[in-house]
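Biologist: I'd like to learn how to read a model like this one, feature by feature. Can we start with the ligand and work outwards?

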Amino acid sequence: MANPHPPPVIVVGAGLAGLSAAYAALLAGAPSVRLLERAAKPGGNSIKASSGINGAPTRFQDVAKYGVDQSFWDDTVRSAGSRLQASVAEPIRNQRQGLISILTNRSASAIDFLADLGVDLSVVAQLGGHSKPRTHRGAGRTPPGAAIVTTLLAKLKEQGDRFELVTEAEVTKLLLLPAPHENSKAQPHPQAVVVTGVEYRLHNLDTTQTLHGPVVFAPGGFAGDTHGLLSLHRPDLAGLPSTNDPRPAAHTLLSAAGAKLVDMESVQVHPTGFVDPANPQAALKFLAPEMLRGEGGVLLYRGRRVVNELATREVVSRVIMALPPSAAADDEDHVGDRLRQWDVQLLLDPGTAEAAAGHVVFYLWKGLLRKKKVRELDEVTRETLREYARVVRGERADGLGRVAFGHWTLGVAGAGDIDEEAEVCVGSVTPIVHFTMGGAVFNERAQILSSELGEEEKPIQGLWGAGEITGGIHGDNRLGGSSLLECVVFGRIAGEQAAQSALKAGA
Ligand SMILES: Cc1cc2nc3c(=O)[nH]c(=O)nc-3n(C[C@H](O)[C@H](O)[C@H](O)COP(=O)(O)OP(=O)(O)OC[C@H]3O[C@@H](n4cnc5c(N)ncnc54)[C@H](O)[C@@H]3O)c2cc1C
């Protein structure tokens, strides 16, 4: 007999993965979707994404100039690095490559899906590690993460009663039952379970509730869980600030259902996050993008340069983190929560500041950069700048190996001293955690698995996952623009699968 009350699809987390899953589930005919979000507002870290979303080959790429883009898969495999080397066992490689195939093969359709909803993705840029321009964003001022999130939210709200977003609702547990055995003669897998719903706590009412239905789990990564999961898997990074919202990771909820985790030690660290002088101990920091160094900016520790500023992120971060960290804040109440950061100065000369003017104006307004006359700098710094000008003028090689100087102009004209009245921009920066590659082992149908990567797949029934919570796609290193993409590609798959499950339960 048909169930008169088919269950809702339950989506955990209202970032891009959760929103994509929710919308796809409704398009696939799910009777209803309940989206549970821990924070007061939806959007997660997705809403902050600023570079864009990858896709290839798409209608927005310039085929006349660059040819048809068929190298996305190769670029992604190259970026995954050692995790896909020939020496890695074939079943593991196959599973990783299968996920990459889904990601890249469905990227064009993900871009079409968003563009057809009305998101402007007409500008295509080339980011590091990509062999062609394929990172899409809009032509206006709205950053791509915000444009995509707000469009999807608006579309979801048009669905009326079929869709409900509950904010300040933190999922605390997956509800489990022992899995039924399809073949009564087969030996049951001792830990096999079915996920039947979730338990969640409403922060504003301080009550706990349960909800039954197929679950799409999309609570994001663990870069913002600096004293928790990050310190467990990367003790060397414990206490580092982050570009991600500070929040506890939800991975342990999956582990309790038997899910396996993979690549948890693969974490992207960015060498330069701004330390806000108004709140130096803030765990959440703005990125000081690489472009500021590329256009000419230098990094100083106690007035001296310590690294080739254009070396890879890993090298620059490693050199900074080998320096003595800055003194901890004098706050007895937060001894265990203290951040580990370094007191490095980012200095932009007038040429660099002009070349990066669009960004610099914003950082000056936020108080993250300050203007200073050269004569106001200490003597060690001024001597460093004189030495550096000699390097830029080509009179000597840089002892740290920098060979490109962007738009640096200070002390370059003439053979003399630096202009003491020139105005430079200075800000404090420190390494920050940006993205976590690792997460739950999952398959091409976005099912969360209780088997290790490369083993025979054991999907946990009733449970799908998408976004930064999942692992195995990016390997050692995620390509810029591919995390928004994984949210859309696997979010849509997870939503469709969960919708079918809800419909089956109602049949
Ligand atoms: C500053 C910045 C810039 C970036 N720029 C780009 C870019 O240009 N391109 C790109 O591809 N990637 C970019 N990234 C990375 C990308 O934004 C993220 O990896 C991606 O958006 C993660 O999406 P998600 O949906 O998995 O998680 P999130 O967007 O973080 O959403 C997860 C949501 O789940 C909620 N949640 C967590 N736990 C629970 C729980 N227990 N119960 C209920 N809800 C819960 C959270 O509150 C959150 O709202 C950037 C990241 C940052 C921080």
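Modeller: Sure, and first a bit of vocabulary: Ala, Val, Leu, Ile, Met, Phe, Trp, Tyr, Cys and Pro count as nonpolar, Asp, Glu, Lys and Arg as charged, and the others, Gly among them, as polar. The shell around the ligand then splits into 13 nonpolar, 17 polar and 7 charged residues. Keep in mind that this is a predicted model, where local features need pLDDT of at least 70 and side-chain atom pairs count only at pLDDT 80 or more, while totals for chains, interfaces and linings use all residues. Residues are numbered from 1 along each chain as its sequence is written, and side-chain values use heavy atoms, with hydrogens and water left out.

Biologist: Which of the residues around the ligand come nearest?

Modeller: A residue is near a molecule or strand when one of its heavy atoms lies within 4 Å of it. Here 37 residues surround the ligand, and Glu37, Ser46, Ser51, Glu468 and Ser483 come nearest.

Biologist: And how do I read the polar side of that? Which polar side-chain atom lies 2.9 Å from an oxygen atom of the ligand?

Modeller: A polar contact is a pair of N or O atoms within 3.5 Å; within protein, one must be able to donate a hydrogen and the other to accept it, and residues adjacent in sequence count only if both atoms are side-chain atoms. The side-chain atom you want belongs to Arg247, 2.9 Å from a ligand oxygen. The backbone joins in too: a polar backbone atom of Leu16 is 3.2 Å from an oxygen of the ligand, and a backbone N or O of Gly44 is 3.5 Å from one. On its own the ligand exposes 1000 Å², and the protein buries 95% of that; such areas come from the Shrake-Rupley method with a 1.4 Å probe, and for residues only the protein chains shown count as cover.

Biologist: Which elements give two or more residues to the shell?

Modeller: Elements are DSSP runs numbered from the N terminus: helices are H or I with at least four residues, strands E with at least two. Those giving two or more shell residues are α1 (16-27), β7 (169-178), β17 (423-436) and α14 (482-506). The largest share, 4 residues, comes from α14.

Biologist: You just mentioned β7. Is Glu170 buried or exposed?

Modeller: Buried means under 20% relative accessible area, exposed over 50%, and partly exposed in between (1.4 Å probe, protein chains only). Glu170, which is in strand β7, has a relative accessible area of 17%, so it counts as buried. Its side chain makes a polar contact of 3.0 Å with the side chain of His203. For contact in general, look for heavy atoms within 4.5 Å. Beyond four places in sequence, Glu170 touches Arg38, Glu199, Tyr200, Arg201, His203 and Pro248.

Biologist: Let's try a loop. Where is Gln61 found?

Modeller: Gln61 sits in the loop between β3 (53-54) and α2 (63-66), and its relative accessibility is 12%, so this residue is buried as well. The Gln61 side chain reaches the backbone nitrogen of Thr58 at 2.9 Å, and a polar contact of 2.9 Å links it to the side chain of Asp69. Leaving out neighbours within four places in sequence, Gln61 is in contact with residues including Gly55, Val124 and His136.

Biologist: Now sheets. What is the order of the strands in the open antiparallel sheet?

Modeller: Strands of a sheet pair through backbone hydrogen bonds, either parallel or antiparallel. Two strands are taken to pair if DSSP finds at least two bridges between them. This open sheet has 3 strands in the order β3-β5-β4. β3 and β4 (123-125) are the edges with a single partner strand each, so one side of each has no neighbour in the sheet. β4 is joined to β5 (residues 135-137) by 3 bridges, with Ala125 partnered by Thr135.

Biologist: And the sheet whose pairing is mixed: what is its order?

Modeller: That open sheet has 3 strands, in the order β11-β18-β21. β11 (261-262) and β21 (470-471) are the edge strands, each pairing on one side only. β11 runs antiparallel to β18 (residues 439-441), with 2 bridges between them, and Val262 has Gly439 as its bridge partner.

Biologist: How many residues of strand β12 are buried?

Modeller: In β12 (residues 267-275), 9 of the 9 residues are buried, so the strand is largely enclosed by the rest of the structure. Antiparallel to β17, β12 is joined to that strand by 7 bridges; Gln268 has Phe435 as its partner there.
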